[in-house]
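These exercises are meant to be worked with the sequence and the model side by side. Each one sets a task and then gives a solution that goes step by step.

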Amino acid sequence: MQASRPLPWFRGPKLGPFKFRDEANRDITFLEHLGGGVHAEVFRVMIDDSIYALKLFRFVHPTMVIQPNVLRDGTASIEDVINQNDPFHCECRAYGRLKEVGREDLAVHCYGYVLLSRRHEHDLAQLGFTDWDRRDAVKDRPIRGIVKEYIADDGSGPFTFEMLPRMRQDIIDLNRLGIVVWDVRADNYRAGRIVDFSQAHTAPHMELDWNSTAYARSQVMDCCVRDRACFDDMIEEWNENHPDQKFWRRFMPNLAFGQRLRDMTRYRESLYRQEGAKFDAAFYDWEKKRSTSSSPRAVQSPRSDRKTRRERATNGSVSKKRNVRRRGRRRGTANHPG
Ligand SMILES: Nc1ncnc2c1ncn2[C@@H]1O[C@H](COP(=O)(O)OP(=O)(O)O)[C@@H](O)[C@H]1O
Ligand SMILES: [Mg+2]
């Protein structure tokens, strides 16, 4: 099958196909397996004399990527779920957004998607990769992949101490662009750049809809805050492993520290009520296409705009029932596996 139109065919951002030099003869040479998990396998490949990382996605069942009640209640259709939550579509939509606003610096570079031919699948099978979780409904569909810049492992780990301030700012910028990465952790960084958007929620998205009928307001707010909390967890781990190079700029109050205090009020709040909680991702105006500025770092909402958002968000939270949850529990609420 030939890739031609941008995907997913759904409202909001889309990703275009990778441009082969010769579309009639789309050669991909698989050189090395780089890693993978529940959603995908990543390979170092050669295409048209250049080296790339190619992420190939398994076929997930819609029930694996949504809370069961959302489908049961009929608040979202299977199409909606697949278009918004299928890991391949999650990556297409996040990269589509970065491209449309000219902020591709916020992640490892992406060159578009590919649909594998039977010949490519045969090559993969020769390397031992045969299991793509195909079920009957998708048995004739091609394996979908995303071509990315290959970042060689230079032995320095997923990031260095010097990269942390910029990585922190990247999270703020991604959220302001209506992207919640969802799975912020060290494994998903290479050279200080995010490589994995397979669970990203990109506006318009039912879990980032402030007036969602499928999700409670508290869930939408938790979704917006999630990257900040996960980034803090990653920093905590870094600090434990690097006692001489501690990074102090957390987003949220430090739970471990708070538990040692007599007055723990600040630390007991559910995540979205904590100091440092921001809901920018739910207020991204996705219909107003934002164009690139000359400086890639200059895409920020005006101060007055930010204030309005914060006020609206705070008003929204007051009406919700108090639902005190600890961070440990919250991290287990992922609606995607892996
Ligand atoms: N662009 C890349 N360059 C080099 N290695 C990569 C790249 N992208 C992913 N990898 C490697 O493959 C692993 C899995 O990729 P990832 O996108 O996180 O897949 P998954 O969604 O299955 O977790 C990463 O942890 C990393 O080691
Ligand atoms: Mg990953």
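**Exercise 1. Find the contacts of alanine 200 and decide whether this residue is buried or exposed.**

Two residues are in contact if their C-beta atoms, placed from the backbone, lie within 7 Å. With residues up to four places away in sequence not counted, alanine 200 touches Cys90, Glu91, Ala94, Ile179, Val180, Val181 and Trp182. The model is a predicted one, in which local features need pLDDT of at least 70 and side-chain atom pairs count only at pLDDT 80 or more, while totals for chains, interfaces and linings use all residues. Residues are numbered from 1 along each chain as its sequence is written, and chains are lettered from A and ligands numbered from 1 in the order in which they are written.

Next, place the residue: alanine 200 lies in the loop between strand E8 (193-194) and E9, where helices (H or I, at least four residues) and strands (E, at least two) are DSSP runs numbered from the N terminus. The C-alpha atoms of alanine 200 and glutamate 91 are separated by 6.8 Å, although the two residues are 109 residues apart along the chain.

Finally, apply the burial rule, by which a residue is buried if 20 or more other C-beta atoms lie within 10 Å of its own, exposed if 12 or fewer, and partly exposed in between. Alanine 200 counts as buried because it has 26 C-beta neighbours inside 10 Å.

**Exercise 2. Carry out the analysis for methionine 167, and then set it against the chain as a whole.**

Methionine 167 is found in helix H5, and it is buried because 20 other C-beta atoms lie within 10 Å. Not counting residues up to four places away in sequence, methionine 167 touches Phe159 and Gly192. For the pair methionine 167 and glycine 192, which are 25 residues apart along the chain, the C-alpha atoms are separated by 6.6 Å.

Turning to the chain, 38% of the 338 residues count as buried. Among contacts with a separation of 6 or more, 68% are between residues 24 or more positions apart. The protein chain has 10 helices and 9 strands.

**Exercise 3. Which residues of the largest nonpolar core touch the most other members?**

A nonpolar core is a set of buried Ala, Val, Leu, Ile, Met, Phe, Trp, Tyr and Cys residues joined through C-beta atoms within 7 Å. The largest such core has 76 residues, of which Val180, Val181, Cys224 and Ala281 touch the most other members. Among the elements that each supply at least two residues of this core are strand E2 (40-47), strand E3 (50-57), helix H3 (87-100) and helix H6 (217-241). H6 gives the most, with 10 residues.

As a last step, examine one member: leaving aside neighbours within four places in sequence, alanine 281 is in contact with Asn175, Gly178, Ile179, Val180, Ala203, Leu208 and Cys224. In soluble globular proteins, nonpolar side chains tend to be buried together.

**Exercise 4. Compare the phi angles and the exposure of aspartate 48 and aspartate 49.**

Aspartate 48 has a positive phi of about 50° although it is not a glycine, and it lies in the loop between E2 and E3. Aspartate 49 lies in the loop between E2 and E3, and its phi is near 70°, a positive value in a residue other than glycine. Aspartate 48 is partly exposed because 13 other C-beta atoms lie within 10 Å, whereas aspartate 49 is exposed because it has 7 other C-beta atoms within 10 Å.

**Exercise 5. Locate the cis peptide bonds that precede proline 8 and proline 204.**

The bond from leucine 7 to proline 8 is cis, with omega near -5°, and proline 8 lies in the segment before E1. A cis peptide bond also joins alanine 203 and proline 204, with omega about 0°, and proline 204 lies in the loop between strand E9 (201-202) and H6.

**Exercise 6. Which residues are the closest to ligand 1?**

Here a residue is near a molecule if its C-beta atom, placed from the backbone, lies within 6 Å of it. Of the 20 residues that surround ligand 1, the closest are Gly35, Gly37, Val42, Ala53 and Asp196. The largest share of this shell, 3 residues, comes from E1.
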